[in-house]
Amino acid sequence: MMRTTGAVRRFTDDPLPDEVLERILDNARFAPTGGNRQGAHVIVVRDRETREKLVELSVTGAQRYIAQTKNGEGPWNPVKPMRVTPEEVAATEVPPYLGAPVLGADAVLVVCVDLNVCAAFDQYLGRIALIPGASVYPFVWGILLAARNEVYGGVLTTMAVAEEPRIKELLGIPDDYAIAALLPIGKPVKQVSKLTRKPVSEIATRERFDGEPFTS
Ligand SMILES: Cc1cc2nc3c(=O)[nH]c(=O)nc-3n(C[C@H](O)[C@H](O)[C@H](O)COP(=O)(O)O)c2cc1C
């Protein structure tokens with residue numbers, strides 16, 4: 001299952017019934033969270049108008065992503081300053097296919113998390129905080145795995161979160177919550193069978209970061 005749960009962006013017209021979606025969430029909810037505080041909340045969006053607004057709200061994130069990628073930068077990376085101008089970003093065209101998964105899936109799950117229950121041990125390190133995400137992304141990945149198990153599929157998207165305040169207003173999300181991901185879910189046109197990933201020897205080393213590649 002883990003080797004074949006790829007990003008699904010094209011969906012058939014088949015419905016994702018509430019009872020299947022409930023089962024998917026019922027399995028995914030067993031994901032770990034810091035202190036078992038379980039701060040996630042899922043909004044199941046099926047309404048067409050709401051989805052169109054979500055696509056509109058992903059333009060800001062997409063423009064900078066595309067502009068920086070074209071300029072050879074790591075898009076939205078929190079380490080190096082952006083080298084394209086705000087004017088260039090604003091003038092960047094966003095191809096309509098980027099919004100297709102949110103419009104074409106039978107449901108879009110907006111996963112948010114209550115920051116009051118996320119222990120952010122890395123909040124004073126002078127870099128962007130990563131640890132609070134660990135209290136929600138295992139759940140997000142669990143949803144995609146559980147969907148695959150039901151022969152459904154989806155994709156983890158985050159671009160729209162650049163406009164988080166406006167999404168929160170649109171969906172009535174409380175102040176202390178952060179949006180972790182938007183997951184379009186539906187019946188895949190095609191199930192992927194082979195994913196392109198780095199081998200273990202490239203991503204693991206012995207004893208130290210610069211240690212020998214880990215292989216058996
Ligand atoms: C944090 C994160 C953000 C992502 N954001 C988007 C997104 O905004 N739009 C999109 O189509 N895919 C998005 N993806 C999906 C990735 O592009 C996808 O997982 C990756 O390319 C691997 O694809 P594969 O599983 O089909 O090989 C995101 C994935 C992650 C983990």
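**Close-up views of a predicted model**

**View 1. Residues around the ligand.** Gly 6, Ala 7, Arg 9, Val 155, Leu 156, Thr 157, Thr 158, Met 159, Leu 195 and Arg 197 surround the ligand, each with a heavy atom within 4 Å of it. This shell consists of 5 nonpolar, 3 polar and 2 charged residues; Ala, Val, Leu, Ile, Met, Phe, Trp, Tyr, Cys and Pro count as nonpolar, Asp, Glu, Lys and Arg as charged, and the others, Gly among them, as polar. The model is predicted: local features need pLDDT of at least 70 and side-chain atom pairs pLDDT 80 or more, whereas totals for chains, interfaces and linings use all residues. Residues are numbered from 1 along each chain as its sequence is written, and side-chain values use heavy atoms, without hydrogens and water.

**View 2. Polar contacts of the ligand (pairs of N or O atoms within 3.5 Å).** A ligand oxygen lies 2.7 Å from an N or O atom in the side chain of Arg 9. An oxygen atom of the ligand is also 3.1 Å from a polar backbone atom of Ala 7. At Leu 156, a polar backbone atom is 2.8 Å from a nitrogen atom of the ligand.

**View 3. Charges over aromatic rings.** Here NZ of Lys or CZ of Arg is within 6 Å of the ring centre and within 35 degrees of the ring normal. Arg 64 lies over the face of Trp 76, 4.3 Å from the ring centre. Lys 187 is placed over the face of Tyr 152, at 4.3 Å from the ring centre.

Note on methods. Polar contact = N/O pair within 3.5 Å; in protein donor to acceptor, adjacent residues only side chain to side chain.
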